[in-house]
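Q: I have a two-chain model to go through. Could we work through it together, one topic at a time?

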Amino acid sequence: MPEIVVSKPGLQTTVQDLGRPTHQIDGFPSSGSMDRLASRLANVLVGNKDNAAVLEFSLLGGDLIFTTTTFIAFTGGDFPLKVNGQSISANRAFQIHQNDHLWIGPCRQGRYGYLAIAGGIVEPTVMDSRATTVRIGIGGHHGRALMSGDHLPIKTVYTLPAFAHRLAEPLTLPTSAQTLKVRVVKGPQWTKFEKSAQQQFLSQTYQLSSQTDRMGYRLSGKPLKTGVANMLSEATVLGGIQISANGQPIVLLADRQTTGGYPIIAVIISADLRVFVQCRDQQRIQFELVSLEAAQKALLTAHHRLDDLQAHFFNQRFKLPIEKTRSAAQRIQKLF
Amino acid sequence: MTVYRIIPVGDQALSIEFANKIDAQVNRRIQSLGKTILAAQLTGVQAVIPAYHTLMVTFDGLNQTYKQLVQELQPIIDVGIAAPLPLQRILKIPVCYESPFNPDLADVAEFAGTTTQEVIRLHTQQPYLIYFLGFLPGFAYMASVVDKIAMPRLTKPRVEIPAGSVGIAGIQTGFYPVTSPGGWRLIGQTPLTLYDADHPEPFYHAGDLVQFEPISKTQFEKIKAADQAGRYKVKVVQKNA
């Protein structure tokens, strides 16, 4: 059975995909990759479907040994990578051979890194998804973060069309020197806040606290007057900015509870959520209010870039350079 | 006439909001609307998540826009809120109200100014609607207990509550599917396994009715053994709309 053997697991490394949103009705967190665009890019680079399971690394990398030939790609946060001691580049497809040793170092910029493997990680699905929700112990590899000695089932893959063309620009990451602008749309309880509180929310600079996990990120700033008492619980939304009783915001993320009773002042637009989740503690953040139309356009733009990349790989599949593993394609090439 | 409004919740979800109160009829309408919306298979619609008075609909922003989806939803909602409500299931859940499963039963009796026997009778006399599941997988928000026993939650929550515990928090009642912290007044415990990580999907859903049935400690042990061996079947009764 082709596998990845985990030699060193890293800090909080989990199997993730697009999550199980349809089971929120039964109280299950949606979960899935924190940086959706990065995990999609990793999958696109190795020719996978968007919902293929990837490994999500948080701050620290790990050591992995492959028992088979396949292709990998690493995206998202800036982690140093080595195969058998030789540095390799992120954001491009790389061919792995049997017994290769992949070392992923500590993250230099950003927070979450994604390793896609051709064919995906083929753990059994739990309620339509391979995403791990550590908090309730379901999905992924036995419902938990990886440990030394774990074996992850993968597939043997000998060829990858347009292999040499499969590279992409790195995705944007926040820098601690600059205040990050994060675009938001008005949340369902926006109007429940006084004008002065709305203005304060949009004008002040927040700082990311050290209380950050897959459930949510706490921010700190001058407390807002909430003005909403005894709200009935409602469904929560990815990227929702909840103002807690102490007036401080919590941004609700992949592993959030499915329902909550605190007012949501604004929601981070889908296109900007990935940069937000890549922020380190102490990152300065300012929110900028945009229209729903602008939010939708930004999301389409981000994903169209990946659609174009996918189309480009498809178009390049018979063009030079053709990798040595595709001997048939090389012979066809010689005919012309 | 049922009044509702639709508002965007971020760029990939919307909320259908009804009157801001805990009302069984409104919530049953929400549950049936959720099913109708999923059955309509509208472009880009991903999931529905009901709560007391709201129904969230999430969608894929790459294939659908808020404006377009509202237009497609409006006629479905307008027909849906006028349609007859579907049949409901009543699930009979056995509960042992004896010590050591009932740490707060005496307090609830004192709050109600009555006997513990009367509290048990009041708690088991009627079925409760599951308004929605949330907080934890399989945690059902059920209501409403009679005002007399609607004791507010503990001021200082317990650090650890055993799985299966049945409690009261104001007009809400419910059971803890897994061992967790919590502030509900605990009056009993069900021997049933409510959450199993190997088969995580609950056997009850939002919109179902739950009626508690008092059992003795001996029955508790028997049912627990049968349930763990996979031999216990929860009693289900159909109720007319």
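**A salt bridge within chain A**

A: To begin, this is a predicted model. D272(A) has a relative accessibility of 11%, so this residue counts as buried.

Q: Which residue does D272(A) form a salt bridge with?
A: The partner is R183(A), and the closest N and O atoms are 2.8 Å apart.

Q: Which elements hold the two residues, and what does the pair tie together?
A: D272(A) belongs to helix α3 (residues 270–277) of chain A, and R183(A) to strand β12 (residues 180–186) of that chain, so the salt bridge ties together parts that are 89 residues apart in sequence.

Q: Is R183(A) buried, partly exposed or exposed?
A: R183(A) has a relative accessible area of 28% and is therefore partly exposed. The cut-off for buried is under 20%, and D272(A), at 11%, meets that cut-off.

Q: How many salt bridges does the structure hold over all chains?
A: There are 18 over all chains. R40(A), D50(A) and D307(A) are linked in a network of them. In chain B, D23(B) and K21(B) meet through their side chains at 3.8 Å, N to O. D23(B) is partly exposed, with a relative accessible area of 22%, and K21(B) counts as partly exposed at 43%.

Q: Let us turn to the interface. How much area do chain A and chain B bury between them?
A: About 3,100 Å² is buried between chain A and chain B, and 65% of it is on carbon and sulfur atoms. I25(A), D26(A) and L232(A) supply 19% of the area that chain A buries against chain B, more than any other three residues.

Q: How many residues does each chain bring to the contact?
A: Chain A brings 35 residues and chain B brings 40 residues.

Q: And how many salt bridges and polar contacts cross the interface?
A: One salt bridge is found across the interface of chain A and chain B, together with five residue pairs in polar contact. Two elements of chain A, β15 (234–235) and α4 (292–315), each supply at least two residues of the side that touches chain B. The largest share of that side, seven residues, comes from α4(A). By residue type, the side of chain A that touches chain B divides into 18 nonpolar, 13 polar and four charged residues.

Q: Which residues meet in a salt bridge at 3.9 Å, N to O?
A: K67(B) and E293(A) meet there through their side chains. E293(A) lies in helix α4 of chain A and K67(B) in helix α2 (residues 66–80) of chain B, so the pair joins two chains. E293(A) is partly exposed, with a relative accessible area of 44%, whereas K67(B) counts as exposed at 60%.

Q: Changing topic: where is V251(A), and is this residue buried or exposed?
A: V251(A) is in strand β17 (residues 249–252) of chain A. V251(A) counts as buried because its relative accessibility is 0%.

Q: What is V251(A) in contact with, leaving aside neighbours within four places in sequence?
A: Its contacts include M215(A), Y217(A), L219(A), I241(A), I268(A) and F276(A). F276(A) is 25 residues from V251(A) in sequence and 9.6 Å away in space, C-alpha to C-alpha.

Q: What about the backbone of chain B: which peptide bonds are cis?
A: Among them are two. The bond from S99(B) to P100(B) is cis, with omega near 5 degrees, and P100(B) is in the loop between β5 (88–96) and α3 (105–112) of chain B. The bond from A143(B) to S144(B) is also cis, with omega near -5 degrees, and S144(B) lies in the loop between β7 (140–143) and β8 (158–161) of chain B.

Q: Finally, what does UniProt place at residues 128–146 of chain B?
A: An unreviewed UniProt entry places the feature "transmembrane region" there. In the model, the span is 0% helix and 53% strand, and its end C-alpha atoms lie 11 Å apart.

Terms used. Residues are numbered from 1 along each chain as its sequence is written. Chains are lettered from A and ligands numbered from 1 in the order in which they are written. This is a predicted model: local features need pLDDT of at least 70, side-chain atom pairs count only at pLDDT 80 or more; totals for chains, interfaces and linings use all residues. Side-chain values use heavy atoms; hydrogens and water are left out. Helices (H or I, at least four residues) and strands (E, at least two) are DSSP runs, numbered from the N terminus. Buried means under 20% relative accessible area, exposed over 50%, partly exposed in between (1.4 Å probe, protein chains only). Contact means heavy atoms within 4.5 Å. Buried area is the accessible area (1.4 Å probe) that two parts lose on being put together, summed over both. A salt bridge is a side-chain nitrogen of Lys or Arg within 4 Å of a carboxyl oxygen of Asp or Glu. A polar contact is a pair of N or O atoms within 3.5 Å; within protein, one must be able to donate a hydrogen and the other to accept it, and residues adjacent in sequence count only if both atoms are side-chain atoms. Ala, Val, Leu, Ile, Met, Phe, Trp, Tyr, Cys and Pro count as nonpolar, Asp, Glu, Lys and Arg as charged, and the others, Gly among them, as polar. UniProt positions are given in the numbering used here, feature names are shortened, and annotations may be inferred rather than shown by experiment.
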